[in-house]
Each structure stands twice: as C-alpha cells, then as structure tokens.
Amino acid sequence: MIAEDMILADEELRDIYRISSQERLQNLEAGILQLEQDPSQLKIINDLLREAHSLKGDSRVVGVTTMEAVTHALEEVLGKIQTQELALNSQLSDRLYQTLDGMQRLVEEALTGEPSDVDLRSEERRVGKEC
C-alpha cells in the first residue's frame with residue numbers, strides 16, 4: 001500500500017502517467033511474447049530493455065517508487081537475458097507476465113489511491129528469482 005502523499009494528485013500528470021505506463025506495459029508484454037517465439041532476436045530484448053528503462057524513469061519522475069523498484073528488478077532480468085546469462089524459458093516467461101500484472105496493479109494504485117495488495121518485496125523476488 002502506498003502512502004496518501006504518493007498518489008498522483010495532479011490530474012494532467014496522472015493522465016500522462018496512465019497513458020505512458022499502460023503503453024509501456026503493453027509493449028513489454030508484447031515483446032516478451034515475441035521473444036518467446038523467437039529468442040534469437042536481440043532487437044526484441046533491446047526494445048524490452050528500453051521500455052523497462054523508460055517506465056522506470058517515468059515512475060521515478062512522478063515519485064512512484066514501488067514501480068521504480070520493480071521495474072529495476074525487471075531490467076536486471078532482461079539484461080541477463082540479453083547477455084545470455086539467463087535463457088527465456090516457460091517458467092521465466094510466466095514470472096515475467098505475473099510481474100507485469102503486479103506492475104499494472106501498482107500503476108492503478110498510484111493513480112487511484114486504491115490499495116493494490118501487491119507486496120513489493122514479493123514482486124522483486126518473483127522477477128529476480130532467476131538472478
């Protein structure tokens with residue numbers, strides 16, 4: 001749960017963050033699906049890293065530290081896939097999709113103030129479990 005002062009109060013900023021984060025999360029999900037179909041495509045992993053990095057930066061700028069932390073953990077996993085320290089298998093893909101679901105709930109929490117019941121530590125561990 002986030003503190004009351006962590007809710008994005010500025011309506012225009014909230015709308016921009018909503019649109020940006022939803023687009024980036026959709027791009028991340030689509031990219032993971034593409035990578036599952038063709039793991040040899042380094043362009044896909046580079047695009048995923050760029051999306052994650054941008055989402056982390058967007059979250060930092062608006063003060064959504066929960067998203068920043070989870071996105072950082074996601075970046076680390078994607079980096080290890082890029083350097084071939086990790087192979088994308090079905091188990092890792094499932095974890096990544098579950099993490100994206102949790103991230104979407106964290107975005108909604110920041111936008112609405114409604115508790116997401118997402119445990120930040122659990123999300124960081126889930127995505128970073130392979131690291």
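In this predicted model, the side chain of Lys56 makes a polar contact with the side chain of Glu75, at a distance of 2.6 Å. Lys56 itself is found in helix α2, which comprises residues 42–62. Glu75 falls within the range of helix α3, residues 65–82.

Is Lys56 buried or exposed? Lys56 has a relative accessibility of 10%. Because residues under 20% are classed as buried, Lys56 counts as buried. Its surroundings can be described through its contacts. Leaving aside residues up to four places away in sequence, Lys56 touches Glu68, Thr71, His72 and Glu75. Glu75 therefore appears twice in this account, once among the residues touched by Lys56 and once as its polar partner. A further distance helps to place Lys56 in the fold: Thr66 is 10 residues away from Lys56 in sequence, and their C-alpha atoms are 9.8 Å apart in space.

The discussion now turns to the pocket. The largest pocket has a volume of about 170 Å³. Its lining includes Leu35, Pro39, Ser40, Gln41, Leu42 and Ile45. Also among the lining residues are Ile81, Gln82, Gln84, Leu86, Ala87 and Leu88. Which elements give two or more residues to this lining? They are α2 and α3. Helix α2 is also the helix that holds Lys56.

Helix α4 offers a further point of study, and it may be followed from its start to its end. At the start of α4, a side-chain oxygen of Asn89 reaches to within 3.1 Å of the backbone nitrogen of Gln91. The helix then runs through residues 90–112, a total of 23 residues. From its first C-alpha to its last, α4 reaches 33 Å, which is close to the 33 Å expected at 1.5 Å a residue. Just after α4, Gly113 takes a positive phi of about 85°.

Finally, the chain may be considered as a whole. It has 5 helices and 0 strands, and its pattern along the sequence reads α-α-α-α-α. Of the 131 residues in the chain, 41% are buried. The chain exposes about 7,300 Å², and carbon and sulfur atoms supply 47% of this area. How do the contacts relate to the sequence? Among contacts between residues at least 6 apart in sequence, 70% join residues at least 24 apart.

Key: Residues are numbered from 1 along each chain as its sequence is written. This is a predicted model: local features need pLDDT of at least 70, side-chain atom pairs count only at pLDDT 80 or more; totals for chains, interfaces and linings use all residues. Side-chain values use heavy atoms; hydrogens and water are left out. Helices (H or I, at least four residues) and strands (E, at least two) are DSSP runs, numbered from the N terminus. The expected span of a helix is 1.5 Å times one less than its number of residues. A polar contact is a pair of N or O atoms within 3.5 Å; within protein, one must be able to donate a hydrogen and the other to accept it, and residues adjacent in sequence count only if both atoms are side-chain atoms. Buried means under 20% relative accessible area, exposed over 50%, partly exposed in between (1.4 Å probe, protein chains only). Contact means heavy atoms within 4.5 Å. Accessible areas come from the Shrake-Rupley method with a 1.4 Å probe; for residues, only the protein chains shown count as cover. On a 1 Å grid over the protein atoms alone, a cavity is a set of points where a 1.4 Å probe fits but cannot get out, and a pocket is an open set with protein on both sides within 12 Å along at least five of seven lines; lining residues have an atom within 4 Å of a point. Grid points are joined across faces, edges and corners, and a volume is the space filled by probe spheres set on the points.
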